[in-house]
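Visitor: I should like a close look at a single part of this model. Please take the cysteine pair and its surroundings, and then relate that part to the rest of the chain.

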Amino acid sequence: MLTCKDFLNELSDYLDERVDADVRAKLEHHIAECPNCWVIADTTKKTIRIYKGMEPQPIPAEVESRLMKALEKKMAAREK
């Protein structure tokens, strides 16, 4: 029996159609019986569809600078 945690672990591969037929069948069975996971899958599919239809937007230089500094700080903290 597939759990919600199992479903979430496979969600990306499921949406990218990189799971074998047996796993796909189990995931689709779980979605059919679990309203919470159905909502997650449906919302994620719609979000991807919308995102793929958008034109790329440049990040303002100030935002990019702040983002890079935050990432550098986070990575430095992990290395300690």
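Guide: The account below begins with confidence, turns to the cysteines and their surroundings, and ends with the charged pairs.

The model is a predicted one. Its chain has an average pLDDT of 93, and 100% of the residues score at least 70. Among the elements of the chain, helix 2 has the highest mean pLDDT, at 96, whereas helix 4 (residues 61-79) has the lowest, at 93. Where pLDDT is low, predicted coordinates should not be read in detail.

As to the cysteines, the structure holds zero disulfides. Cys 4 is in no disulfide, and the cysteine sulfur nearest to that of Cys 4 belongs to Cys 37, 3.6 Å away. Why is there no bond between the sulfur of Cys 37 and that of Cys 4? The two sulfurs are too far apart for a bond, because a separation of 3.6 Å does not meet the requirement that a disulfide pair lie within 2.5 Å. The two residues also fall into separate accessibility classes: Cys 4 is partly exposed, with a relative accessibility of 35%, while Cys 37 is buried, at 2%.

His 30 brings the two cysteines into one setting, since this residue touches both Cys 4 and Cys 37. Leaving aside residues up to four places away in sequence, the contacts of His 30 also include Leu 2, Thr 3 and Phe 7. His 30 itself is found in helix 2. With a relative accessible area of 11%, His 30 is buried.

Two of the residues just named, Cys 37 and Phe 7, lead on to the largest nonpolar core, in which both take part. That core has ten residues, and its other members are Leu 11, Tyr 14, Leu 15, Val 19, Leu 27, Ile 31, Cys 34 and Ala 41. Helix 1 (4-15), helix 2 and helix 3 each give two or more residues to the core. Of these contributions, that of helix 1 is the most, with four residues. Cys 37 thus touches the buried His 30 and is itself a member of this core.

The charged pairs complete the picture. The structure holds six salt bridges. Side chains of opposite charge can pair when their charged atoms come close. In helix 2 (residues 21-33), Asp 22 and Lys 26 lie four residues apart, about one turn of the helix. These two form a salt bridge whose closest N and O atoms are 3.4 Å apart. Lys 26 is partly exposed, with a relative accessible area of 47%.

Helix 3 (residues 35-52) holds Asp 42 and Lys 46, again four residues apart, about one turn of the helix. Their salt bridge has its closest N and O atoms 3.0 Å apart. Lys 46 is partly exposed, at a relative accessible area of 42%. Elsewhere, salt bridges that share partners join Asp 13, Asp 16 and Arg 18 into one network. Within this network, Asp 13 and Arg 18 form a salt bridge with the closest N and O atoms 2.4 Å apart. Asp 13 counts as partly exposed, at 25% relative accessibility, and Arg 18 is exposed, with a relative accessible area of 55%.

Note on methods: Residues numbered from 1 in each chain as written. Predicted model: local features only at pLDDT ≥ 70, side-chain atom pairs only at ≥ 80, totals over all residues. Heavy atoms only, no water. Salt bridge = Lys/Arg side-chain N within 4 Å of Asp/Glu carboxyl O. Buried < 20%, exposed > 50% of the residue type's maximum accessible area, 1.4 Å probe, protein only. Contact = heavy atoms within 4.5 Å. pLDDT = per-residue confidence, 0-100. Core = buried A, V, L, I, M, F, W, Y, C linked by side-chain atoms within 4.5 Å.
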